[in-house]
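Colleague: I would like to learn how to read features from a structure. Could we go through some together?

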Amino acid sequence: MLIRDADIRGHGRMDLRVAGERIAAIGQLAPEPGERVIEAAGAALLPGLHDHHIHLAGLAARRASVVCGPPEVTTPEELAERLRRPGSGWLRGVLYHESVMGLPDARALDAINAARPLRIQHRGGRMWLLNSLALDLLLARAAPPPGLEREGGRFTGRLFDEDRWLAEALGSAPPGLAEVSAELARFGVTGVTDMSPRNDAAMAAHFAGERASGALVQDITVAGELSLGNLHPLGWHLGPAKLHLHEAALPDPDEAARWIAAAHAQGRPVAIHCVTEVELVFALALIEQAGQLAGDRIEHASVASPELVARIAELGLAVCVQPHFVAERGDRYLADVDPQHHGDLYRLATLASAGIALAGGSDAPFASADPWAAMAAAVARRTSGGQIIGPHEALTPEAALALYLRDPADFTRERTITLGCRADLCLLAQPWGEARTHLSADLVALTLASGRLVHDGIAQPPGERVARGQPLARQDQRGGAL
């Protein structure tokens, strides 16, 4: 394929040829016989975007789930309306928030739907709410785990930090990833880092199988358990060891510091989940105790005072940010978070000004997987209700884009388009000077992953389109002017 007259990031207006999986030439190029030519007419050609914090299996499972929290669901009546569905099989809810009706126990959920086994995942990802039928079915298959809450001699139906037990009791296999992969390709995403803390050898094998089959077209870095460090990655890259903190149940500091040291002994950095100020203080103390390794990072840094920002910088840590949380959840944050901390919410510019390496991740399915919506949110800092959170934390469109161009192995480096590198590319429908004013996934005209056309948004007759995932080198098609 020849992409002609594109504004190639880092090069200016030039032509670019893809052959096989690689970028074969950059410059003023003439079409070769039978080569497909894309006339970019000055449109921006970028490295493929990378989502640095995503949960692929959860995103795939969400497609078969019922959304149970804001903004779609805000009252008990709305929740009941969604969950009163006829049938006999399992009903799976996601994105629940206690603002809807607290943390209902099994009996409260029975009042909504007692005829079907019901499990609802909290928006934070660490808690499931089960009705009585769900409890009975699960406990008939497996002994109750430590994380199944008990009050007055009975199980409440609230299940904490027991995803593995739940999966085994359900007898469920990881979901296929073809649909979510295609969705990400439409956004121009060619790489992901799966940050699920319980990723182990079985999940790594699943990801490798999805890559080998072509179902998952994105290059994948897998974070998770320490056990991953004992494997020889094939079809995936080894990511950081993930420590998911929870303010209500923080681990023993000495044990956690030893865990970090064990990750470092494997040559692996750590990624520490911090969504409260207490969690961030605890995480920084752990790093100070265990020592820092290049690549150690904080996930979210949702509430960061200037003092904590300075400590992050002093320790040489990176931060993976989620700018879209301000747009998607900002009104709830303003209601729930102490006003004195409103200026500390989801900082961006302050972190960057302190010299902290930043990259962007979606945290999907707990938020939108659209990186362009996140870029727009990083620039606007506007909630869905129209309020502005921390206007001084806004980024320029260029800095927002750069969050998704970082090297997943080193946030201090930006991936570039260079001769001989893997052809992971995102072609926009406009020059960057126009695109920067209305950041949207609709701008993505074409996505290449390892030289394969995985998204073709160029207006052509159906018979002239290159099939998703089909090797470009085998095509004999032309045209497709933007």
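Colleague: Where does S450 lie?

Modeller: S450 sits in the loop between β23 and β24. Keep in mind that we are looking at a predicted model. The backbone angle phi of S450 is near 50 degrees, a positive value in a residue other than glycine.

Colleague: Is S450 buried or exposed?

Modeller: Buried means under 20% relative accessible area, so S450, at 16%, counts as buried.

Colleague: Which other residue can I read in that way?

Modeller: Try D5, in strand β1, which covers residues 2–8. Phi of D5 is near 60 degrees, and this too is a positive value in a residue other than glycine. D5 is partly exposed, because its relative accessible area is 26%, and the partly exposed class runs between 20% and 50%. A glycine example is G188, which follows α6 and has a positive phi near 85 degrees.

Colleague: Let us stay with α6, then. Which residues of helix α6 are buried?

Modeller: In α6, residues 178–186, the buried ones are V180, S181, A182, E183, L184 and A185. They pack against β6, α1 (56–62), β13, β23 (444–449) and β24 (452–456). You have met two of those elements already, as the loop with S450 runs between β23 and β24.

Colleague: How do I read which way the residues of a helix point?

Modeller: The general idea is that an α-helix has 3.6 residues a turn, so residues three or four places apart point the same way. Now take helix α4, residues 132–141, where A134, L135 and L138 are buried. Seen down the axis of α4, these buried residues fall within an arc of 100 degrees, so they line one face of the helix.

Colleague: Which exposed residues does the face of α4 turned away from its buried side carry?

Modeller: That face carries D136 and A140. As for the buried residues of α4, what covers them includes α3 (106–110), β9 (118–122), β10 (127–130), β11 (148–151), β12 (154–160) and α5 (163–170).

Colleague: How would I describe a single residue in a helix?

Modeller: Give its place, its exposure and its contacts. H206 lies in helix α7, residues 201–213. H206 is buried, with a relative accessible area of 16%. Leaving aside neighbours within four places in sequence, H206 is in contact with P174, P175 and L177.

Colleague: May I see that once more with another helix?

Modeller: Of course. P306 is found in helix α10, residues 306–314. P306 is partly exposed, at 47% relative accessible area. Not counting residues up to four places away in sequence, P306 touches D344 and R347. A310 is also found in α10, and A310 is partly exposed with a relative accessible area of 33%.

Colleague: How far apart are A310 and G355 in sequence and in space?

Modeller: They are 45 residues apart in sequence and 9.6 Å apart in space, C-alpha to C-alpha. For P306 and V94, the values are 212 residues in sequence and 34 Å in space, again C-alpha to C-alpha.

Colleague: Which peptide bonds here are cis?

Modeller: Look at the angle omega. A cis bond joins P70 and P71, with omega about 5 degrees, and P71 lies in the loop between β7 (66–67) and α2 (76–83). Another cis bond runs from A364 to P365, with omega near 15 degrees. P365 lies in the loop between β19 (358–360) and α13 (371–380).

Colleague: How many disulfides does the structure hold?

Modeller: Zero. A disulfide needs two cysteine sulfur atoms within 2.5 Å. The sulfur of C421 is 14 Å from the closest cysteine sulfur, in C426, which is too far for a bond. C426 is buried, with a relative accessible area of 0%.

Colleague: And how do I read a pocket?

Modeller: Rolling a probe the size of a water molecule over the atoms shows where empty space is left. Here, the second largest pocket has a volume of about 760 Å³. Of the 39 residues that line this pocket, the closest to its centre are D407, P408, A409, D410 and R415. Elements that give two or more residues to the lining include β3 (22–27), β14 (219–224) and β21 (410–414). By class, the lining has 16 nonpolar, twelve polar and eleven charged residues.

Terms used: Residues numbered from 1 in each chain as written. Predicted model: local features only at pLDDT ≥ 70, side-chain atom pairs only at ≥ 80, totals over all residues. Heavy atoms only, no water. 1 Å grid on protein atoms, 1.4 Å probe; cavity = no way out; pocket = protein on both sides within 12 Å on 5 of 7 lines; lining within 4 Å. Points joined across faces, edges and corners; volume = space filled by probe spheres on them. Helix = DSSP H or I, 4+ residues; strand = E, 2+ residues; numbered from the N terminus. Nonpolar A, V, L, I, M, F, W, Y, C, P; charged D, E, K, R; others polar. Buried < 20%, exposed > 50% of the residue type's maximum accessible area, 1.4 Å probe, protein only. Arc of directions from axis to C-beta. Contact = heavy atoms within 4.5 Å.
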